[in-house]
Amino acid sequence: MELYLIRHTSVAVPKGICYGATDVALSSTFEEEAAAVESRLEGLKFDAVFTSPLSRAVKLAAFCGYADAKKDERLKELNFGEWEMKSFDDLYKEDERFREWCEGDYVNLPAPGGESLAQQMERFREFVEEKKRMGYGRIAAFCHGGILACGLIMTGQATKENALAVVPPYGSVVNLTI
């Protein structure tokens, strides 16, 4: 199966803020960034198109001509639980568990009230396996950096240990063969 993962465009959240599964607004450059994404998808035909239910992904899907994309919870960004909308710097200074998470155990250690990378990987794997069983040849998914990292891990282009360091930038279109 051919899978196109499309990361949402930049957000209206200050740099250094942990926003994960929070439904945040897009930046003022949305239309310009979205037009660039739309051009990268030009001429591609998909058997089905899916989107994270978070508005930043839904809005990009609609802009690119896929207003009817099917929403799927499994495509959401990593849920950082209690860490959502807090400064990474403040968390690192004040929260021992966040330091443990950052220093290598984000794969297995869930955020308080949230999830781990392993949990996000499992829900993404369930999404992919279901779509393969359904017989799709080529699908698109409008989603988030964490999901793109999961796709890169699944195809051997990243490891769980370096996944957060290789997250493609906003507006990226990543083509994977599963």
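These legends describe close-up views of a predicted model.

**View 1. The largest nonpolar core.** This core has 36 residues. Those with the most contacts inside it are Leu 5, Leu 75, Trp 83, Trp 101, Leu 117, Phe 124 and Ile 139. Several elements give two or more residues to this core, including strand E1 (2–7), strand E3 (48–51), helix H4 (96–105) and helix H5 (117–133). Strand E6 (138–143), helix H6 (145–154) and strand E7 (173–177) are also among them. H6 gives the most, with six residues. In soluble globular proteins, nonpolar side chains tend to be buried together.

**View 2. The surroundings of Trp 101.** Leaving aside residues up to four places away in sequence, Trp 101 touches Leu 78, Phe 80, Trp 83, Tyr 106, Leu 109 and Leu 164. Apart from the largest core lies another one, of 23 residues. Ile 17, Ala 34, Leu 44 and Leu 60 are among its members.

**View 3. Strands E1 and E7.** The two strands pair in the antiparallel sense, over five bridges. One partnership joins Tyr 4 to Asn 175 in E7. Side chains alternate along E7. Val 174 and Leu 176 point to one face and are buried. Val 173, Asn 175 and Thr 177 point to the other face and are not buried. Such alternation between the two faces of the sheet belongs to a regular strand.

**View 4. Met 85 in its loop.** Met 85 sits in the loop between strand E4 (70–71) and strand E5 (86–87). Its phi is near 65°, a positive value in a residue other than glycine. Most residues other than glycine have a negative phi. Met 85 is partly exposed, because its relative accessible area is 40%.

Notes. Residues are numbered from 1 along each chain as its sequence is written. This is a predicted model: local features need pLDDT of at least 70, side-chain atom pairs count only at pLDDT 80 or more; totals for chains, interfaces and linings use all residues. Side-chain values use heavy atoms; hydrogens and water are left out. A nonpolar core is a set of buried Ala, Val, Leu, Ile, Met, Phe, Trp, Tyr and Cys residues joined through side-chain atoms within 4.5 Å. Buried means under 20% relative accessible area, exposed over 50%, partly exposed in between (1.4 Å probe, protein chains only). Helices (H or I, at least four residues) and strands (E, at least two) are DSSP runs, numbered from the N terminus. Contact means heavy atoms within 4.5 Å. Two strands pair if DSSP finds at least two bridges between them.
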